[in-house]
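User: I want to check how the labels on this model were reached. Can we go through them one by one?

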Amino acid sequence: MILRNGAIRTLDPSLPSVSSLWIAGERIAGGVGVHETSLPSPDTVDLGGRCVLPGFTDAHVHFPTWALSRSDVRLHDCGSLAEALDRVRDAPRAGNWLRGQGWRDADWPDGPPTRQALDEIVSDRPAMLISKDYHALWLNSTALAQAGGDLEVEGGVVVRDGGGEPTGVLYEEAAWRFKQRFVQVLAEEYVEAMREGVKAAAGRGVTALHDKDGWLGAIGLWQRLEQQGALPLRVWQSTPAECISDLREIGLRSGAGSPLLRLGYLKTFMDGTLGSQTAWMSDGSGVVITTSEELEQIVREGAEVGWPVGVHAIGDAANHAALDAFERSREVWEPLGLRQRIEHAQCLAPEDVARFAELGVAVSVQFTHAPSDEELAKRFWAHRLDETYSFRSLLDSGARLANGSDAPVEELEPWAGVVAAVLDHWRDDQRLTLEQALHAVCVAPAWLSHDERIRGTLLPGRFADLVVLDRDPFACEPEELREVQVVATMLGGRWTHNPPPWD
């Protein structure tokens, strides 16, 4: 196959653009950069002036959770408690549990969520509404009763009223344990949701993702899709850090799997989130889920079995503690070439910005979080705004920056991330160039999964994983970037979304 008559951007500085792209089987062949007349082929695709880029990677997504949430009650843009309750009132009455997600009560002028408010809308079945940052649950009394009062857990927060009774809101470990104990979703339900979800992702230019849902057994769900021939993207799967002993026992190392589905890294948490006010901050506020010493032990044990670590850290104290842990254990993991990463890094002490590059720890960020969290950051971190969402400062320091959506916290939409980084960051000095943003969406995630020699750029020998856009973003006026649309997506030489011809 030859793709011609368009803008083909390789994202490799040695050969930034080519006149045509010659694809043989799964890979880009040696015809890159030559005139198409020298490459006879029975299948020539006229791009009609459209643009070809390497396929997008979502470097931080809870995919099974996101896929399932697409049928939940959507509360993301609710500006008040009353509006959220109206959404719940209008929800379909199918299934045992009423599930919803996306609320953020920091934006509500008419009071916090309570079980009593939810009881007025739904009392005949249990209701569980997950917060926008996925670190809190809002439950009605019917749901809360299932725990029989057993709600407290180390690292968790149970909100109580003046009389000591639970209000129906749980944070961090308390929320996660409740969900795991009482809200069981059948594997078949996840797989069916994922089958539709991967189609939607392909329609948005996604050819690869780094999944964070290892804790719910996502690898088995992905395996079902792969066995059914319904996996149109490449998955780099997390595994909970608590599974280190199991990995050691069976001798399973990072990278094990198939060309489409591989186990990749250990996942753990340092703290909570900005929205829930559980981020671990240097002023002593927040929730400490994992100490620096505990993370160091996880990193060391991970290195023994050949696994890197991806650690959630949002507050400045959480990031400092995580960096300290990587630094103290550096002599163990660095010689092994393990590619460690910190997820989010939303608030950083000035002296910690340069440490990512110095230690060789990658930063897995979410560009859309910056505009989405603007009001929260200005409310809760007003005295330290110049330490937040420091995308450009991290890049300038030499850090490797990979972008993800954190879906379902934000929508799984890579191009929205590009626009957020280039146009919508409220800190003008932290906005990125288009090339920098695309590097974080296409190139850096491939490096994190040890794929830099086989994908992430459009050079000979790489997999033909690519996306076709309706126009060349490098030739657009800045505001026109908002109008760019995905036309088609290809994985390994096969169209996974909207094959040509196009109108």
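User: Leaving aside its neighbours within four places in sequence, which residues is Q340 in contact with?

Analyst: This is a predicted model. In it, Q340 is in contact with V299, P308, V309, F326, W333, G360, V361 and A362. Q340 lies in the loop between helix 11 (330-333) and strand 17.

User: Why does Q340 count as buried?

Analyst: The cut-off for buried is under 20% relative accessible area. Q340 has 0% relative accessibility, so Q340 counts as buried.

User: What makes strand 16 mostly covered?

Analyst: Five of the five residues in strand 16 (residues 309-313) are buried. Both faces are covered. V309, V311 and A313 are on one side, with G310 and H312 on the other.

User: How do you know that strand 16 pairs with strand 15 and with strand 17?

Analyst: Pairing needs at least two bridges between the strands. Strand 15 (residues 261-269) and strand 16 share four bridges, in the parallel sense. L266 has V309 of strand 16 as its bridge partner. Four bridges also join strand 16 to strand 17 (residues 341-344), again parallel. There, G310 stands opposite R341. Both pairs therefore satisfy the cut-off of at least two bridges.

User: Which elements make the β-α-β unit, and what is its hand?

Analyst: Strand 15, helix 9 (residues 292-304) and strand 16 make the unit, and it is right-handed.

User: Why is helix 9 called oblique to helix 10?

Analyst: The axes of helix 9 and helix 10 (residues 316-328) cross at roughly 40 degrees and come within 8 Å. Angles under 35 degrees would count as roughly parallel, and 65 to 115 as roughly perpendicular. Roughly 40 degrees fits neither range, so helix 9 is oblique to helix 10. The crossing is right-handed.

User: Which residues of helix 9 and helix 10 meet?

Analyst: From helix 9 come S292, E293, L295, E296, V299 and R300. From helix 10 come A321, A322, D324, A325, F326 and R328.

User: Why are helix 6 and helix 7 called oblique to each other?

Analyst: Helix 6 (residues 187-202) and helix 7 (residues 218-227) pack at an angle of about 60 degrees, with axes 10 Å apart. The roughly perpendicular range is 65 to 115. About 60 degrees falls outside it, and the pair is therefore oblique. Their crossing is right-handed. Among the residues making the contact are Y190, M194 and V198 of helix 6, and L221, W222 and L225 of helix 7.

User: What makes helix 16 mostly covered?

Analyst: Nine of the eleven residues in helix 16 (residues 414-424) are buried. They include P414, W415, V418, V422 and L423. The buried residues pack against several elements, including strand 6 (56-61), strand 13 (206-211) and helix 17 (434-448).

User: What is the strand order in the open sheet of six strands, and why do strand 7 and strand 11 stand at the edges?

Analyst: The order is 7-8-9-10-12-11, with mixed pairing. Strand 7 (73-74) and strand 11 (156-160) each have a single partner strand, so one side of each is left without a neighbour in the sheet. Helix 5 (residues 172-182) packs on this sheet, touching strands including strand 9 and strand 12.

User: How many bridges join strand 8 to strand 9?

Analyst: Five bridges join strand 8 (residues 98-103) to strand 9 (residues 127-131), and the two run parallel. Q101 stands opposite I130 in strand 9.

Definitions and conventions:
Residues are numbered from 1 along each chain as its sequence is written. This is a predicted model: local features need pLDDT of at least 70, side-chain atom pairs count only at pLDDT 80 or more; totals for chains, interfaces and linings use all residues. Side-chain values use heavy atoms; hydrogens and water are left out. Contact means heavy atoms within 4.5 Å. Axes are lines fitted to C-alpha atoms, for helices over the stretch in contact, and angles run from 0 to 180 degrees between N-to-C directions. Buried means under 20% relative accessible area, exposed over 50%, partly exposed in between (1.4 Å probe, protein chains only). A crossover is right-handed if, with the strands pointing away from the viewer, the path from the first strand over the helix to the second runs clockwise. Angles under 35 degrees count as roughly parallel, over 145 as roughly antiparallel, 65 to 115 as roughly perpendicular and the rest as oblique. A crossing is left-handed if the near helix is turned anticlockwise from the far one by less than a right angle, and right-handed if clockwise.
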